[in-house]
Amino acid sequence: MRENTFVLTDTISALLEARKFTSLRDILVTMNSADIAILFEEMPESKLPLLFRLLPKELAADTFVEMEADVQEMLIKGFSDAELKEVVDELYVDDAVDLIEEMPANVVQRILHQADPEMRKMINDILKYPKDSAGSIMTTEYVNLRPLMTVAEAIKHIRRTGVDKETIYTCYVTSNRMLVGQISLKTLLLAEEDDVIQNIMEQNPIYVTTTDDQEQVARTLSKYDFIALPVVDQEVRLVGIVTVDDAIDVIEEEATEDIEKMNAIMLTEKEYLQTSSFALWKARIPWLLILMISATLTQHIIASYEEALSAVVVLTAFIPMLMGTGGNAGGQASATIIRGLSLNEIEPRDILKVLWKEVRVGFMCAITLGVATLLKIVFLESIELHVAVVVALALSCTVVLAKVIGCMLPLAAKRIGLDPAVMSSPFITTIVDALSLVIYFQFASMILGI
């Protein structure tokens, strides 16, 4: 769609210059809000307020939610109080909370001032919950039914109140605010009008609590293929729901965070093209400095075996291969374990099972790589057999060790409460590099007598 949006940009610009606002509006109302947001990103900032004002009220609010935070802030600063109130009134509570969390204090004050008292209260209630918890991403706009309602009464209630709810496809049944069941709109429509809700609802619904981690909430939604998940407090009183669109945002956010940590990058908030070069430098340089300094250990190990390398110069040529293979082997293991931990496929208590599996995998990889290296050095490079044996043995031991380190460090991090992604490939590679050199030179000393 982004490619089509680029084509539309010229058309929109031409219509703006010609002041053909009716034609512009006719084009925009046929588009999805997410596509309009992308289109607006390609337009000059000076044109955005005018384009935004052409949108119908509901479409304008939906488009506003899809925009980047800096564009939202720019538009808000240009809005009159009446225009801002129109947008805020159309926002769902969870979207309003997301907006407020992204805005500076002076803009937040304007937003809250234009929100009605009920909306303000709901926003403040959600903002009290811990960051990245179920409570922080939920919405309080859900359909609430009573157990003794008939189907006819329930449908009438949905028609009267559903327009302001985030979803009506799953309705929640409460008694004295306690969550006692849930029922789908499909079930309601197919039931008899005089059926009582408590007789046809799903009892013992799956739910999360306000303090559950947002990543766990997203996994629960994915596991059960729900479009929404009820959120309860410690007394199992229904306080909100998390919808699948919010879960997708969480999964994307968590995946981005893990990828950045696994590649030794500090976390960034904006999209790549929206992030300045200076911000990218700040995100990358800390870990690069740490890894560079830690790599001096490797330098000292090589320096301590300088005489050995001088005696058998050919050993130097295999150091990059040895270190690279060890780093790759450790990176494979750590990536697999980090993913397993993220998806709850592995727990820290599985450490012995994981270790035994990785040791077996390591030995199989070691034998394969060791034999291949030995044959390559002897037959393709015509280097003496005893040198080839040193390299092959060192490589084999390094691979097994790398697999063990690669699986153990993320599990250890999880056990002590750290994010396993911190124990990522660059970190593991630095450790394996140093150990591989020690192994290499020890074999060289034993076999070559240097």
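Contact, as used for Phe 64 and other residues below, means heavy atoms within 4.5 Å. The structure is a predicted model, and the exercises move from its nonpolar cores to a helix pair and then to single residues.

**Exercise 1.** Find which residues Phe 64 touches, leaving out those up to four places away in sequence, and place Phe 64 in its core.

*Solution.* Begin with the side chain itself: Phe 64 touches Phe 52, Gln 72, Leu 75, Ile 76, Phe 79, Val 87 and Leu 99 once residues up to four places away are left out. Next, turn to the largest nonpolar core, which has 56 residues, and in which Phe 64 is listed with Phe 40, Leu 51, Phe 52 and Ile 76 as having the most contacts inside the core. Helix α8, residues 93-102, supplies the largest share of this core, namely 5 residues. Finally, another core of 25 residues lies apart from this one, and among its members are Leu 309, Ala 388, Ala 394 and Leu 448.

**Exercise 2.** Describe how the axes of α8 and α10 are arranged, and which residues meet.

*Solution.* Two packed helices are described by the angle between their axes and the distance between the axes. Here the axes of α8 and helix α10, residues 117-127, come within 10 Å and cross at roughly 65 degrees. Because angles of 65 to 115 degrees count as roughly perpendicular, α8 is roughly perpendicular to α10. The crossing of these two helices is right-handed. On the α8 side Val 93, Ala 96, Val 97, Ile 100 and Glu 101 take part, and they meet Met 119, Met 122, Ile 123, Ile 126 and Leu 127 of α10. Sorted by class, this contact has 9 nonpolar residues, no polar ones and 1 charged residue.

**Exercise 3.** Determine where Asn 176 and Val 236 are found, and state whether each is buried, partly exposed or exposed.

*Solution.* Most residues other than glycine have a negative phi. Asn 176, however, has a positive phi of about 55 degrees, and Val 236 has a positive phi of about 60 degrees. Asn 176 sits in the loop between β2 and β3, whereas Val 236 is in the loop between β6 and β7. With a relative accessible area of 72%, Asn 176 is exposed, because exposed means over 50%; Val 236, at 24%, counts as partly exposed.

**Exercise 4.** Decide whether Ser 396 is buried or exposed, and name its contacts beyond four places in sequence.

*Solution.* Ser 396 belongs to helix α22, residues 385-415. Its relative accessible area is 16%, and since buried means under 20%, Ser 396 is buried. Beyond its neighbours within four places in sequence, Ser 396 is in contact with Ala 366 and Gly 370.

Key: Residues are numbered from 1 along each chain as its sequence is written. This is a predicted model: local features need pLDDT of at least 70, side-chain atom pairs count only at pLDDT 80 or more; totals for chains, interfaces and linings use all residues. Side-chain values use heavy atoms; hydrogens and water are left out. A nonpolar core is a set of buried Ala, Val, Leu, Ile, Met, Phe, Trp, Tyr and Cys residues joined through side-chain atoms within 4.5 Å. Buried means under 20% relative accessible area, exposed over 50%, partly exposed in between (1.4 Å probe, protein chains only). Helices (H or I, at least four residues) and strands (E, at least two) are DSSP runs, numbered from the N terminus. Axes are lines fitted to C-alpha atoms, for helices over the stretch in contact, and angles run from 0 to 180 degrees between N-to-C directions. Angles under 35 degrees count as roughly parallel, over 145 as roughly antiparallel, 65 to 115 as roughly perpendicular and the rest as oblique. A crossing is left-handed if the near helix is turned anticlockwise from the far one by less than a right angle, and right-handed if clockwise. Ala, Val, Leu, Ile, Met, Phe, Trp, Tyr, Cys and Pro count as nonpolar, Asp, Glu, Lys and Arg as charged, and the others, Gly among them, as polar.
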